[in-house]
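Work through the exercises below with the structure open. Each task is followed by a stepwise solution.

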Amino acid sequence: MTEDQHIDIQNIPQLTREDFVSDQMVKWCPGCGDHAILKSMEKVFPQMGVRKEDFVVVSGIGCSSRFPYYMNTYGIHGIHGRAAAIASGVKIANPNLSVWMITGDGDSMAIGGNHFIHVVRRNIDISILLFNNKIYGLTKGQYSPTTPKGSITKTSPQGSFEEPFNPGELIIGAQGKFFARVVDTNPKMMTDILVESAKHKGTSVVEILQNCVIFNNKVHNLVTAKETKDDNQLILEAGKPMIYGAENNKGIVLKGTRLETVVIGENGITEADLLVHDPANPDPGIHVMLSKMQVPEFPMALGIIRAVKTDTYEDLMTKSISFAKQNSPIKCVDDLLMSGSTWEI
Amino acid sequence: MMDNTKKNPIVELDNVVLRFAGDSGDGMQLTGALFSDSAAFAGNDFATFPDYPAEIRAPQGTVAGVSGFQIHFGHTNIHTSGDLADVLVAMNPASLKATLKWTKPSATIIVDTDTFIDKGFEKAGYAGNPLEDNSLDGYNVIKAPISMLTKKAVEELDLDNKVALKSKNMFALGIVLYLFNRELEKTNEYFERKFKKNPVIVEANKRVLRAGFNFAENIEAISQTYNVQPAILEKGTYRNITGNVATAWGFLAAAEKSGLQLFLGSYPITPATEILQELTKHKELGAKAFQAEDEIAGICSSIGASYTGSLALTTTSGPGLSLKSEAIGLAVMTELPIVIVDVQRGGPSTGLPTKSEQSDLYQALFGRNGEAPVIVIAAITSEDCFYSAFEASKLAVEHMTPVILLTDGALANGSEVFRIPKMAQMPIITPPIAKANDPLYKPYLRNEDKLSRQWAVPGTEGLRHRIGGLEKENGSGNVSHDPMNHQIMTQIREEKVKRVANFIPEQKVIGAEEGDVLVVSWGGTYGVMLTAVEKLLADGHTISMAHFKYINPLPKNTEEILKKFKKILVCELNNGQFVNYLRMKFPAYNYQQYNKVQGLPFMVSELEEKFISILNDQKS
């Protein structure tokens with residue numbers, strides 16, 4: 001209905017956090033990482049240059065999926081795993097909308113795995129926030145597809161037998177064009193990256209390492225704790241060498257076919273030897289390696305790991321519809337009914 | 001042009017059943033479609049029934065690989081694709097073996113004798129040559145060396161053997177066109193269109209078609225030809241249409257009439273796939289067809305599109321409907337309009353993918369968690385698929401509820417003569433779109449007569465709201481776990497669907513309004529039921545018929561009808577789903593049932609026989 005509506009960005013009133021705060025009581029556990037994400041989103045939306053009526057927040061099922069109720073926008077709280085499919089329908093039907101999908105490691109890596117990989121593959125312009133707490137929270141503590149092998153949970157009392165997914169690897173394997181990773185303990189960075197992810201034309205996925213205070217407390221502690229974070233976080237920036245560490249003297253190099261950590265000044269290593277981050281490189285090789293880096297062997301890569309531009313599904317569909325409209329002799333259903341072979345009686 | 005030097009006398013016939021049968025690679029569906037075009041051109045009324053195996057190319061020459069196409073055409077009104085064939089074309093022994101039982105004892109059978117060799121008998125499971133063991137006594141068998149003559153006809157064109165033999169179906173068509181005094185012109189025009197880029201193939205097909213025609217003219221086995229006069233149909237413009245195409249077009253019509261964008265989310269499944277294909281073909285009308293990754297994504301994308309204000313649908317068959325159950329519940333809870341088309345096939349599980357059945361009725365009515373009523377309607381003919389799709393859309397958007405539209409494989413693939421409607425005469429569709437900045441808007445406030453909520457579309461100022469699968473507070477639409485609220489909302493959802501009965505036509509009865517025997521049926525069996533009942537009425541029997549299109553809710557006068565008959569016989573292509581539904585709704589009446597679950601339509605003859613036995617019981 002609003003396909004032909006053009007929005008005059010100049011005339012969008014300056015929006016603030018208050019425009020998006022809902023009147024519903026937020027029912028996440030005290031100390032849950034989700035609160036930080038919600039606060040961040042309330043800062044992101046006013047910055048987008050989008051009318052407040054043009055946001056649609058879609059979710060599936062799980063703790064994270066209560067999110068739409070807590071944002072004063074249009075929104076759908078869907079069914080388990082299907083947020084990607086619902087959001088795809090919203091965006092394809094009306095490409096003018098700014099569509100956000102909130103999901104978790106259970107919702108999108110397990111029951112909704114199929115929809116998740118296909119929305120990414122199709123490159124529909126949806127901003128996906130993947131809350132990864134590596135546990136099923138809403139059902140109270142069973143292992144998820146991102147739970148590390150050997151973890152003791154309610155359904156793996158002897159330790160889980162399963163190899164976990166690494167979301168970044170899965171997304172890039174599914175032809176993903178935008179993947180970023182942030183932590184729930186750095187709201188400033190989260191806000192900046194979410195804004196970038198939304199500006200990217202195409203499916204963007206931001207994995208948020210989020211803490212479940214009740215069932216998987218401190219699962220990301222090595223990455224997020226004050227004492228260890230500087231040595232365990234590699235914050236990527238386009239065009240900058242990959243340097244990290246409390247003393248800013250560690251770096252990442254490519255040695256042969258794999259990444260290695262080095263110390264600047266040791267063994268003749270200088271800053272010039274370090275890899276320079278290129279998120280726009282269509283070849284996903286380094287991006288996959290960066291996504292796979294795990295503490296303690298490596299620092300955890302944060303920031304925008306991959307951001308490659310290509311056509312979106314809905315743009316191609318819109319183009320093909322306009323082409324057909326211009327070139328077909330059929331202009332209305334009466335024409336269609338009379339097309340081809342007909343006869344009079 | 002017609003050949004005026006014809007030596008054979010012409011016999012006038014009211015209606016004829018013609019069946020083409022061959023290997024699934026022999027092009028029988030195309031041959032049938034081309035004959036249908038010629039029937040249309042001659043002004044006949046007709047109905048067709050393609051009958052093909054689930055495998056694209058089952059082992060050549062075997063009974064499993066036989067593909068058939070039946071057309072019933074006539075000077076009289078035609079409601080079915082016919083019981084038994086008057087004329088059978090059998091391209092090989094397997095097709096003879098598979099279809100002889102569907103052929104009248106006195107039928108004309110045209111066979112390709114070149115395939116009647118030992119290898120062919122063995123593959124078909126014949127002990128010897130059926131053309132020589134007297135098993136075809138009583139039939140008029142036309143033995144034609146079709147393969148050989150086809151090759152001969154295109155000799156000069158220098159085609160390789162394989163390519164040359166591809167057009168042997170056109171030789172068979174040529175024979176049949178002669179038999180029914182039809183022109184070759186229309187078929188030749190088709191070749192020119194179809195093989196525009198390959199003039200040699202156009203020429204080959206033309207020559208083979210003509211060769212078949214000439215062959216028929218010259219052989220002694222054809223001592224007379226037949227003429228079927230144009231049918232007496234209502235004035236208008238007509239076309240041939242299959243149920244699936246009619247369904248797709250009905251939705252396009254509803255989108256245009258309502259001013260809504262059409263969105264289809266669908267995953268390919270036999271026998272529903274053509275609806276998706278047809279809508280992807282008509283982008284010029286602005287329809288968005290999304291081929292989803294699975295059945296669930298098909299409906300969920302459709303729910304997303306519906307939320308944004310599109311006329312949204314999903315198309316599937318029985319197994320897909322099972323997968324969509326949870327999402328239909330979401331549409332019930334969010335009270336968003338979507339149409340779910342189930343082109344029924346034989347079940348359970350993968351069942352009989354290419355065969356037709358009416359066994360998804362329970363699933364459509366009851367197959368969801370919780371109390372989740374939806375509107376269920378069933379198309380009654382291939383042509384009616386157009387009107388049913390239109391009406392399903394109208395009911396969905398005006399009542400803000402999911403609608404399940406049941407068709408079936410026979411309607412979907414079968415074709416019929418379709419009198420083309422004018423869009424100006426189609427009913428108006430009025431979606432209850434909420435107005436921007438309406439200070440009184442609340443997501444779950446309802447209109448009085450329909451109990452439908454308003455449709456607040458993203459992008460509209462002042463109407464931001466959230467909906468979802470959790471129970472809604474009456475009015476506000478906020479999440480609510482309140483016990484009394486849940487009871488109220490459950491009743492409202494039930495009542496909302498019940499009230500649809502005020503917006504659909506009353507049930508009609510064919511025959512007397514009251515009497516001893518009422519035969520009842522629903523959905524795709526209309527044509528065959530009507531034919532059987534009309535025959536009995538013409539023979540002086542007293543019998544009445546009620547054929548249902550509106551299943552949930554039933555028309556308001558349903559019980560009024562049922563109570564006026566001593567016996568009610570419910571006929572359906574399942575194990576008794578509609579009859580049990582009636583028993584549940586109206587337990588006071590005496591129901592009998594007649595069921596067939598063979599993946600095949602009813603035959604007029606078997607219905608007649610059953611009806612007569614019931615009438616006789618009633619008398620005695």
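Helices here are DSSP runs of H or I with at least four residues, and strands are runs of E with at least two, both numbered from the N terminus. The model is predicted.

**Exercise 1. Place B:Val154 and decide whether it is buried or exposed.**

Step 1. Locate the residue. B:Val154 sits in the loop between helix H4 (146-153) and helix H5 (161-166) of chain B.

Step 2. Apply the cut-off. A residue is buried if 20 or more other C-beta atoms lie within 10 Å of its own. B:Val154 has 22 such neighbours inside 10 Å, so B:Val154 counts as buried.

Step 3. List the contacts. Neighbours within four places in sequence are left aside; B:Val154 then touches B:Leu159, B:Ala164, B:Ala204, B:Arg207 and B:Val208.

Step 4. Set a distance. From B:Val154 to B:Ala289 is 135 residues in sequence and 43 Å in space, C-alpha to C-alpha.

**Exercise 2. Test the length of helix H1 (residues 28-41) of chain B, then find which of its residues are buried.**

Step 1. Compute the span. The expected span is 1.5 Å times one less than the number of residues. For the 14 residues of H1(B) this gives 20 Å; the end C-alpha atoms are 20 Å apart, so the two agree.

Step 2. Check the cover. In H1(B), 10 of 14 residues are buried. Among them are B:Met28, B:Leu34, B:Phe35 and B:Ala39.

Step 3. Look past the end. B:Gly43 follows H1(B) and has a positive phi, near 80°.

Step 4. Follow one residue outward. B:Phe35 is in contact with B:Val176, as are B:Leu18, B:Val87 and B:Val89. B:Val176 is one of the residues with the most contacts inside the largest nonpolar core, which has 258 residues.

**Exercise 3. Trace the partners of strand S2 (74-77) of chain A.**

Step 1. Start within the chain. Strand S1 (residues 55-59) of chain A runs parallel to S2(A), joined by 4 bridges. A:Val56 has A:Tyr74 as its bridge partner.

Step 2. Cross to chain B. S2(A) also pairs with strand S17 (residues 466-468) of chain B, in the parallel sense, over 3 bridges. There A:His77 is opposite B:Gly468.

Step 3. Compare the faces. In a regular strand the side chains alternate between the two faces of the sheet. In S2(A), A:Tyr74 and A:Ile76 lie on one side, A:Gly75 and A:His77 on the other, and all are buried.

**Exercise 4. Describe the side of chain A that touches chain B: how many residues, and which element gives the most?**

Step 1. Count. The contact takes 51 residues from chain A and 58 residues from chain B.

Step 2. Assign elements. S2, H2 (83-93), H4 (113-122), H10 (313-327), H11 (333-337) and S12 (342-344) of chain A each supply at least two residues to this side. H2(A) gives the most, with 8 residues.

Step 3. Sort by type. The residues from chain A comprise 25 nonpolar, 19 polar and 7 charged.

Step 4. Add the antiparallel pairing. S12(A) is joined by 3 bridges to strand S9 (residues 237-242) of chain B. Within it, A:Trp343 is partnered by B:Tyr238.

**Exercise 5. Compare chain B with a compact globule.**

Step 1. Apply the rule. For 620 residues it predicts a radius of gyration near 25 Å; chain B has 27 Å, which agrees.

Step 2. Check the burial. Of the 620 residues of chain B, 55% count as buried.

How values were computed: Residues numbered from 1 in each chain as written. Chains lettered and ligands numbered in written order. Predicted model: local features only at pLDDT ≥ 70, side-chain atom pairs only at ≥ 80, totals over all residues. Contact = placed C-beta atoms within 7 Å. Nonpolar A, V, L, I, M, F, W, Y, C, P; charged D, E, K, R; others polar. Pairing = 2+ DSSP bridges. Core = buried A, V, L, I, M, F, W, Y, C linked by C-beta atoms within 7 Å. Buried ≥ 20, exposed ≤ 12 C-beta atoms within 10 Å, placed from the backbone. Rg over C-alpha atoms; globule rule 2.2 N^0.38 Å.
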